[in-house]
Amino acid sequence: MADLYGDWKGSYALLPRYLQALKTTNPGTVVKFAYKVGGPSNVRVFDRVFWAFGPSIRGFEHCRPILTVDGTHLYGKYKGVLLIAIGVDANDQIYPLAFAIVDCESIDTWGWFMDCIRKHVTQREGICVISDRHVGIMTAMSKVGGGWTEPQAFHRFCTRHQASNINTKFKSNELKLAFLSTACAAQRKRFNKGMQKIGSINPSAKMDPGPDDGTILHLQSTHRSQAIWEGEELKPLTLRGHMKAFKAFKVPEAVLTYVNNTQFRGITRFCYVPLDADLITALVERWRQETHTFHLPFGEATVTLQDVAMLFGLRISGRPVTGSTGPLLLLQLWSWERVSIGRPDIVRSRVPRQAGVAYPLGSQVLTGLDPLGCKWLRVQRGFKDHRLWLVVIRDLLDKMVELQFVWQPYTPSVVQHLSPICVQDQAEWTVIAPLICFEMVEWHFPNRCTRQFGWQQMIPEMGNTCTRLHGISRKGDWSGNYETMHQESIAKWENRMSNIVEPGLPFCGLTNFEDEYFEWYNAITRRIITPLSQTVNDDYEDHHYYYPTAADFQILTQTSMVTYNTTQEMISNMPDDIPLAQYAMIEKMRNMSLNSLVNTGQGHLINYQEPRPPSPPRYDFRHLAHRQQVMTQETEEAESSQRTRKKGKKRN
């Protein structure tokens, strides 16, 4: 065989002559050799070679802007790896473009191969490079100045490799075929259908916004968030309110005395406050009637009776009274007080400040007379495009971190300046009871949001909610007897003091994401509302906005976590003879993924502990006092000596 075809050593010796012949017969062909120089006589030894045929280089200008790169092992005597780059022509057929023979797949060899393609084969911009997740390819694609970063090129992962990984992890050929079918879907409807099929085969293989456990949020299939995730473009809700009639309303002085006696002075201060339909709609999309709470990324929260008393100055105990100042205004003030997202700026009142009167809570709140909600009577909301703002604020709530939510805004320093009515019924703030407004009934479940009262949150018991009442519409006229209709709920309200949430352990201010409650909550909640990145159309101008959403950041978080774990393992098992440049590159990738997780508040996923600031130095104050005494004594002696010298000069 060696006599007929030659041996391996002879074949490699003929490689330069063979490639030179290709360059001669194929004008424009590029060949780049790399050698190692070593040994006692400094002999050049073959290291790697790159080549691309001239006709292929010229023809790629007319192909699709797609480039697929991969490597395959050589099984000859000297082993090695063949790196290949192929394109796709207009007929969707593969188009061989560039090749290289290297000793192994590494950061160095893949970086050299991609550099050769950029320098000698194509300088087209906007190329989509498809590959597996090899660290060498990912490093070459992210190298600044290498010509492969966005927008010069875009890096995507090969679905065939992903399907192979899915089959390896989940051991299911059916799941693999469902993934390939979904990945090739060209319509959103077919993609969503494929994702549902993947979830039905194996829920853990699907990127699902939740809930993983549907026993709590059992109405998810009909919830507004489900339609949003499936791609339906829903407009902001149309809000019903009757406050515009009171825009210029002022309580006459003759009536104000009686209003004060009935303890309704606080509510009369709310004349006309415009409602933010986008903010309220985004909150409604997080409201769950199964739990009567808002589901936020870090736990449940709701409007409690404490908020009613503090913001409106209304008594909790007594006969029920209703009026035109309704739940929508309360919800908006609750959000402005607790959530930093969508919060407007407070502007100074047009009414001149009274001489000798202090305004510790702002110029709107009269100390000792008004509830806290009065500070939001004059606000300035920043410019917002009504077509885009709902999408933006919905996604900001998806990305919200706990530091953007105030669990306990009603601190003693704030409460001491409010009307005494605000704290008169604080014993009833934590009752579990139904709240009735005409034909509507909503349950008050403070046991699901005990952090709002300064206690640690435990896994709550599921309350009994009536879904029939949520189907009632307030459209049209209804002349029923509400007292008869809600007789059972009224009886429970009157007996409310027998069902009070007992105080728990103190809440430190930030949730521990490793405790039992958060593990339970993360499984039963809807984690994301906004679907994957979308292009929002601007009607005023003929262009589109690309808006990355929380779902994209979740994928980025997962990618950063995998990158960190992989690079950390590589560093732990790194051989001693690894080149310093390669080690530095791996360490840089590890640090970049670590910073990405920590800066986005996801450091707990890799058990990252925030470094504690250095303790302040301890001083011996007795020593400082003694030192100060000595310095004072020395100063006095110097001054006395100076005065003595001056007197001596005058005598002379």
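**Why these labels fit: a predicted model**

Q: What makes Asp 398 and Arg 286 a salt bridge?
A: In this predicted model, the closest N and O atoms of Asp 398 and Arg 286 are 2.2 Å apart. The cut-off is 4 Å between a side-chain nitrogen of Lys or Arg and a carboxyl oxygen of Asp or Glu, so the pair counts as a salt bridge.

Q: Why can you say that this pair ties together parts of the chain?
A: Look at where the partners are: Asp 398 lies in helix 15 (residues 389–399), while Arg 286 is in the loop between helix 12 and strand 8. That's 112 residues apart in sequence. Both side-chain partners, Asp 398 and Arg 286, are buried.

Q: Why is Glu 285 called buried?
A: Its relative accessibility is 1%, and buried means under 20%, so Glu 285 gets that label. Glu 285 also has a salt bridge, with Arg 224, where the closest N and O atoms are 2.9 Å apart. Arg 224 sits in helix 9 (residues 224–229), 61 residues apart from Glu 285.

Q: Are Asp 395 and Lys 399 buried or partly exposed, and how do you know?
A: Asp 395 has 0% relative accessibility, so it counts as buried. Lys 399 comes out at 30%, and partly exposed covers the range between 20% and 50%, so Lys 399 is partly exposed. The two side chains meet in a salt bridge, 2.7 Å from N to O. Being 4 residues apart in helix 15, Asp 395 and Lys 399 are separated by about one helical turn.

Q: What makes the aromatic pair of Trp 110 and Phe 113 edge-to-face?
A: Start with the centres: they are 5.7 Å apart, and rings pair within 6.5 Å. Next, the planes of Trp 110 and Phe 113 make an angle of 75°. Planes over 60 degrees apart count as edge-to-face, so that's the name here. Trp 110 and Phe 113 are both buried.

Q: How do you know that the charged end of Arg 44 is close enough to count as sitting over the ring of Tyr 35?
A: The charged end of Arg 44 is 4.1 Å from the centre of the Tyr 35 ring. The distance limit is 6 Å, so that part of the test is met. Arg 496 sits over the ring of Trp 493 in this way too, with its charged end 4.1 Å from the centre.

Q: Why are strand 8 and strand 10 called edge strands?
A: Each of them pairs on one side only. They belong to an open sheet of 3 strands in the order 8-9-10, with antiparallel pairing.

Notes: Residues numbered from 1 in each chain as written. Predicted model: local features only at pLDDT ≥ 70, side-chain atom pairs only at ≥ 80, totals over all residues. Heavy atoms only, no water. Phe/Tyr/Trp six-rings, centres within 6.5 Å; stacked < 30°, edge-to-face > 60°. Buried < 20%, exposed > 50% of the residue type's maximum accessible area, 1.4 Å probe, protein only. Lys NZ or Arg CZ within 6 Å of the ring centre and 35° of its normal. Pairing = 2+ DSSP bridges. Helix = DSSP H or I, 4+ residues; strand = E, 2+ residues; numbered from the N terminus.
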